[in-house]
Amino acid sequence: MQDTRSAEPRWPGAAAVVAVAVLNWLLPPDLRAGPGWVAVAAVILLEGAALILRRRHGVLGYSAAAIATAGLGFALGILILDLMTHRGTPADLLRAALLLWSMNIILFASWYWRLDGGGPHGRFGKEGYCGGAFLFPQLTLPPHVRREIRDEGWQPAFVDYLFLAFNTSTAFSPTDVPVLSRWAKVLMMIQASISLATLAMVAARAVNIL
């Protein structure tokens, strides 16, 4: 019998990257690298093609995520420059900080989802998640407990990585999910730094102006 869970990982990451592109479109115009609709269209086309072609052209999904990441980096750089030169209204600064904070969570959740354990296809091609870059709490339960709660074939879904990314941006730590891989540690440090810049520096400056 075919495992129906294999269909789950085909769309959450794509939807997340499209959401990031749309949030980038909602940023103040001076924080966007060109017309916002261009990035949205490019991401939708790449992710749509990746979903249709599936694992044969995974590079398309990575390209879409890279475009969204570049947009986030550009916007953050311009926002920090505006902060240092005292440009922008308090309302624009707060709006931009909130949007960038949200983009940061969704985008890094997408990267964790794409890279952990060989990616979604690699994880769901196995009978159970055996661990990768992250040690989820379900993996620490004794086998008899997992059998009792009918969770023997547990697999991390996108929402698990979204929760991890949310905690990293709010608590600046992975909380209940230890990080095992060096690449994951580097990504989480970058994510926490972006969150710190948007929440602490930009928001504090905007509130001070108010």
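I began with the secondary structure of this predicted model, and I counted 8 helices and 0 strands in the protein chain. Reading from the N terminus on, I wrote the order of elements down as α-α-α-α-α-α-α-α.

Next I looked up the totals for the chain. Of the 210 residues in the protein chain, 42% are buried, and the area that the chain exposes comes to about 10800 Å², with carbon and sulfur atoms supplying 68% of it. For the contacts with a separation of 6 or more, I noted that residues 24 or more positions apart account for 74%.

I then turned to helix α1, residues 12-25, and how it packs with α2. The angle between the two is about 175° and their axes lie 8 Å apart; since an angle over 145 degrees counts as roughly antiparallel, I entered α1 and α2 as roughly antiparallel to each other. On the α1 side, the contact is made by Gly 13, Ala 14, Val 17, Val 18, Ala 21, Val 22 and Trp 25, while α2 contributes Gly 36, Trp 37, Ala 39, Val 40, Val 43, Ile 44, Glu 47 and Leu 51.

Finally I checked the surface around Trp 25 and Trp 37, both of which I had already listed in the α1 and α2 contact. Together with Val 38, these two residues make a nonpolar surface patch of about 340 Å². Val 38 sits in helix α2, which covers residues 36-53. Is Val 38 buried, partly exposed or exposed? I recorded Val 38 as partly exposed, because its relative accessibility is 40% and that class lies between the cut-offs of 20% and 50%.

Methods. Residues are numbered from 1 along each chain as its sequence is written. This is a predicted model: local features need pLDDT of at least 70, side-chain atom pairs count only at pLDDT 80 or more; totals for chains, interfaces and linings use all residues. Side-chain values use heavy atoms; hydrogens and water are left out. Patches are made of residues with over 30% relative accessible area and no salt bridge: like charges are joined within 9 Å, nonpolar side chains (Val, Leu, Ile, Met, Phe, Trp, Tyr) within 5 Å. Accessible areas come from the Shrake-Rupley method with a 1.4 Å probe; for residues, only the protein chains shown count as cover. A salt bridge is a side-chain nitrogen of Lys or Arg within 4 Å of a carboxyl oxygen of Asp or Glu. Helices (H or I, at least four residues) and strands (E, at least two) are DSSP runs, numbered from the N terminus. Buried means under 20% relative accessible area, exposed over 50%, partly exposed in between (1.4 Å probe, protein chains only). Axes are lines fitted to C-alpha atoms, for helices over the stretch in contact, and angles run from 0 to 180 degrees between N-to-C directions. Angles under 35 degrees count as roughly parallel, over 145 as roughly antiparallel, 65 to 115 as roughly perpendicular and the rest as oblique. Contact means heavy atoms within 4.5 Å.
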